[in-house]
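Please open the structure in your viewer and keep the sequence panel beside it, so that each selection can be followed in both.

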Amino acid sequence: MLTHIQIRDFAIVDELTLDLSTGMTALTGETGAGKSILVDALGLVLGDRADSTTVRHGAERAEISARFDISREAEARAWLESQDLDTEECLIRRVIARDGKSRAWINGSAVTLQSLKSLGEMLVDIHGQHAHQSLLRREVQRRILDDYADHPERLAAMARDHGTWQKAARRLAELSEDGEARAARRDLLRFQTDELRALDLAEGELERIEEEHGRLAHAGRLLEMAETAYQGLYEADGSAESVVGRFCTDIEHLQSLDSRLAEPRELLAAAQIQIREAADWLRRYADGMDMDPARLNFLESRLAAVQDLARKHRVDPTALPRLLETLETELGRLEEGGENLEALTRAVEQALQTCLRQAAELSDARRRAAERLSEAVTQAMQALGMEGGRFACSVEDDGRGQPSAHGMDRVEFLVSANPGQPLQPLAKVASGGELSRISLAIQMIAAHALPIATLVFDEVDTGIGGGVAEVVGRQLRSLGGHRQVLCVTHLPQVAAQAHRHLQVKKHKGKDHTTTRIRSLADEHRVQELARMLGGVEITEQSLAHAREMITRAATS
């Protein structure tokens with residue numbers, strides 16, 4: 001549900017902030033005031049394309065932010081989680097520069113326009129003269145029919161059986177590869193695994209070999225360093241140990257003259273001990289130095305063998321043990337494939353037949369539900385002023401010959417907006433007003449079926465009036481009991497039914513024109529409805545009529 005929207009420097013809006021709530025919200029205003037600006041801004045923040053005309057004159061960029069409560073929108077939360085985005089909230093921000101370029105963020109992370117559209121289709125459905133009409137998409141039409149039919153167990157069984165069949169079919173395809181190719185691959189794997197087994201490289205062995213090889217290869221330098229250091233520290237005339245010892249003795253003799261010399265004497269005595277220990281360690285190191293040419297040759301040969309196999313398989317040398325495991329697993333599958341092929345073929349056929357039966361039962365259930373949905377939506381269309389209008393939910397074989405996770409049906413909504421016109425796909429309805437009302441009729445019947453929490457109707461009442469307008473208003477109010485409904489309208493019969501009323505008004509300054517939106521309550525709302533009823537001059541009669549409409553809507 002949309003809870004907050006902020007707009008800056010968009011079209012003729014300099015700055016606008018709105019907090020929104022559940023139920024039905026009406027947006028009204030005089031012609032030309034910019035009633036659809038909020039809808040246009042919402043479309044942009046949800047992925048509609050933008051150009052430089054989007055930015056308010058004199059500004060460098062337009063910025064739109066929208067916050068959504070997704071605590072009850074599992075599909076949107078799952079999408080955010082799949083994108084490694086925060087799922088605690090949903091904050092979308094879009095910035096359009098003067099040159100038409102734009103950037104977008106979801107929960108603080110930069111995203112592509114396609115990602116914005118994907119998420120937007122789960123959050124808001126906009127009906128009217130604009131894009132974002134998810135009811136035109138066949139997958140949404142199928143989902144509405146399935147939810148209207150209320151058979152989630154059947155859908156789950158279809159998806160489960162399809163998954164079982166596909167898994168078995170993929171396994172069969174692997175085992176059914178060309179015999180010669182399989183044999184050649186098996187022979188190659190046997191040769192490669194034999195080579196790797198013969199190498200017998202253990203985990204961590206390479207690091208140990210490289211360390212030992214480095215030590216033996218430089219044994220001469222190491223021995224020379226140890227002996228030289230030992231001589232300089234302890235053995236040679238003027239060694240570090242003897243020099244430090246002499247200074248230590250001299251200071252000790254003078255300590256009686258100045259007690260402060262006790263500290264450096266102790267430090268030198270400690271240094272003399274450490275020098276002796278270091279010299280002793282170096283002597284033992286030199287005595288134990290292993291000058292083993294044979295061992296060095298073995299290590300060099302071992303390293304060369306490891307490097308050769310690593311280059312051959314194009315892997316890091318340390319990955320050779322894991323490579324052996326991988327190749328052995330693949331070889332095992334190939335060697336056992338012949339035994340399992342016949343049994344797996346039977347399993348695939350059985351899984352397919354189960355899938356086909358499940359798809360046939362699902363199709364029957366969909367056709368029964370489609371008849372009920374067609375009749376109900378047709379009645380709703382006619383109640384909305386489309387006399388002679390018809391609706392049909394078509395369920396036909398999709399022609400692919402094999403089931404999908406959703407069955408084998410192509411679900412399509414067909415409509416005839418006027419008497420005598422043939423049924424045609426909903427996507428081909430020419431009139432935006434007709435499409436809005438047809439969509440509204442579907443929404444009224446299948447409100448519980450739509451997963452989208454926020455519905456926007458832009459000029460849904462175009463071309464209607466009187467009693468039909470009141471019916472539209474009532475139905476929108478009823479729909480607001482299930483969803484958040486935003487309705488741009490010019491009819492007082494519709495606006496009076498809203499739980500909340502927003503007024504759009506244009507303000508003309510000396511240098512520029514801006515649009516403001518304010519929330520109306522009590523007498524201000526009565527004044528707005530009276531204006532819509534009576535035009536320029538607001539009379540006591542129109543005010544009384546407006547109050548009556550609001551009271552009747554609240555109590556009906």
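The tour below moves through a few helices, one selection at a time. Please keep in mind throughout that this is a predicted model.

Begin by selecting residues 138-149, which form helix α4. At 1.5 Å a residue, its 12 residues should span 16 Å, and the end C-alpha atoms are indeed 16 Å apart, which agrees. Colouring by burial would pick out V140, Q141, R142, I144, L145, D146, Y148 and A149, which are buried in α4. Step just past α4 to D150, where phi is positive, at about 55 degrees.

Next, select helix α16, residues 523-534, together with helix α17, residues 540-555. The axes of these two helices come within 8 Å and cross at roughly 115 degrees, and therefore α16 counts as roughly perpendicular to α17. The crossing in which α16 passes α17 is right-handed. To see the contact itself, show the side chains of E523, R525, V526, Q527, L529, A530 and L533 on α16, and those of S542, L543, H545, A546, R547, M549 and I550 on α17. Sorted by class, the residues in this contact are 8 nonpolar, 3 polar and 3 charged.

Finally, stay with α16 alone, whose 12 residues should span 16 Å at 1.5 Å a residue, in agreement with the 16 Å between its end C-alpha atoms. Its buried residues are R525, V526, E528, L529, A530, R531 and M532. What do the buried residues of α16 pack against? Add β3 (24-28), α15 (492-495), β14 (500-508) and β15 (513-520) to the view, for the buried residues of α16 pack against these elements and against α17.

Notes
Residues numbered from 1 in each chain as written. Predicted model: local features only at pLDDT ≥ 70, side-chain atom pairs only at ≥ 80, totals over all residues. Heavy atoms only, no water. Axes fitted to C-alpha atoms, helices over the stretch in contact; angles between N-to-C directions. Helix = DSSP H or I, 4+ residues; strand = E, 2+ residues; numbered from the N terminus. Parallel < 35°, antiparallel > 145°, perpendicular 65-115°, else oblique. Left-handed = near helix turned anticlockwise from the far one by under 90°. Contact = heavy atoms within 4.5 Å. Nonpolar A, V, L, I, M, F, W, Y, C, P; charged D, E, K, R; others polar. Expected span 1.5 Å × (residues − 1). Buried < 20%, exposed > 50% of the residue type's maximum accessible area, 1.4 Å probe, protein only.
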